[in-house]
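Hi,

Here is the structure I said I would pass on. Have a look at it first, and my notes on what turned up follow below.

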Amino acid sequence: MGRMVSREILRRECERIRREGKRIVFTNGCFDILHAGHVRYLARARSMGDVLVIGLNSDESVRGIKGALRPINPERERAEVLAAMASVDYVALFDEPDPAAIIREVQPDVLVKGGDWPVESIVGADQVQARGGTVVSVPFEVESSTTKIVDRILARHASLGEPRRLSSQ
């Protein structure tokens, strides 16, 4: 089971892990509503090295990328769910709009991004490759997303003539 850590602790842990000769894999994302596509993607990323580090967009960062209605789940809960996964070793939040700074701090051996990202468009690819590391774009096995899940929930409730409020609280 992984750990939620500050960026300073993560930096120190990564230095120790590198001294032990282990391969660090890094990925990042919002991971707002965790679904099967995320689970399979993270397991695959973990299989590429010894330690999987996730840079998790903070609530502020998610709002900047996806708009005022997101995230659905707050950063502490998203981090807790990710850290509980067997494939995840460390989770650290970042506020920036992209993960360039946290990638510099982690100095991963393998940088993984999901979806249809071409390697040359992945933020941090140049840094990782300059250090002799590998950059991998992994297509999602399950075609799902948080946005699609939210849309499906709203559509189902709308078809039943129910109000858009999804809980009785």
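Let me start with a charged side chain: Arg7 is buried, with a relative accessible area of 18%. Keep in mind throughout that this is a predicted model. The partner of Arg7 is Glu96, and the two side chains form a salt bridge with 3.0 Å from N to O. Arg7 sits in helix H1 (residues 7-19) and Glu96 in the loop between strand E4 (90-94) and helix H5 (100-106), so this salt bridge ties together parts that are 89 residues apart in sequence. Glu96 itself comes out as partly exposed, at 29% relative accessible area.

There are other salt bridges to look at; searching the whole structure gives 12. Asp32 and Arg70 make one of them, at 2.8 Å from N to O. That pair also links distant parts of the chain, 38 residues apart: Asp32 is in the loop between E2 and H2, and Arg70 is in the loop between helix H3 (59-66) and helix H4 (75-83). How accessible are the two ends? Asp32 is buried at 3% relative accessible area, and Arg70 is buried at 11%.

Then there is Arg46 with Asp89, where the closest N and O atoms are 2.9 Å apart. Here helix H2 (Arg46) is linked to the loop between H4 and E4 (Asp89), across 43 residues. Arg46 counts as partly exposed, with 25% relative accessibility. You may also want to colour Arg3, Glu13, Arg16, Glu20 and Lys22, since a network of salt bridges links them.

Now the sheet. It is open and has 6 strands with parallel pairing, in the order E1-E4-E3-E2-E5-E6. Strand E1 (3-4) and strand E6 (134-138) are the edges, each pairing on one side only. Within the sheet, E2 (residues 24-29) and E3 (residues 51-57) pair over 6 bridges, with Ile24 opposite Val51. E3 also pairs with E4 in the parallel sense, over 5 bridges, and there Leu56 stands opposite Leu93.

E3 deserves a closer look. 7 of its 7 residues are buried, so the strand is largely enclosed by the rest of the structure. In a regular strand, side chains alternate between the two faces of the sheet. For E3 both faces are covered, with Val51, Val53, Gly55 and Asn57 buried on one side and Leu52, Ile54 and Leu56 on the other.

Helix H2 (residues 36-46) lies across E2, E3, strand E5 (110-114) and E6, at about 135° to E3. Together, E2, H2 and E3 make a right-handed β-α-β unit.

Last, the packing. Nonpolar side chains in soluble globular proteins tend to be buried together. The largest nonpolar core has 19 residues, and the members touching the most others are Leu10, Phe26, Val53, Tyr90, Ile102, Val106 and Leu111. At least two residues come from each of H1, E2, E3, E4, H5 and helix H6 (125-130). A separate core of 17 residues includes Phe31, Ala45, Leu52 and Ala79.

Which residues does Tyr90 contact, leaving aside its neighbours within four places in sequence? They are Arg3, Val5, Leu10, Glu13, Arg16, Ile17, Val51, Leu52, Val53 and Ile54. Arg3, Glu13 and Arg16 are also in the salt-bridge network I mentioned above.

Cheers

Terms used:
Residues are numbered from 1 along each chain as its sequence is written. This is a predicted model: local features need pLDDT of at least 70, side-chain atom pairs count only at pLDDT 80 or more; totals for chains, interfaces and linings use all residues. Side-chain values use heavy atoms; hydrogens and water are left out. Two strands pair if DSSP finds at least two bridges between them. Helices (H or I, at least four residues) and strands (E, at least two) are DSSP runs, numbered from the N terminus. Contact means heavy atoms within 4.5 Å. Axes are lines fitted to C-alpha atoms, for helices over the stretch in contact, and angles run from 0 to 180 degrees between N-to-C directions. A salt bridge is a side-chain nitrogen of Lys or Arg within 4 Å of a carboxyl oxygen of Asp or Glu. Buried means under 20% relative accessible area, exposed over 50%, partly exposed in between (1.4 Å probe, protein chains only). A nonpolar core is a set of buried Ala, Val, Leu, Ile, Met, Phe, Trp, Tyr and Cys residues joined through side-chain atoms within 4.5 Å. A crossover is right-handed if, with the strands pointing away from the viewer, the path from the first strand over the helix to the second runs clockwise.
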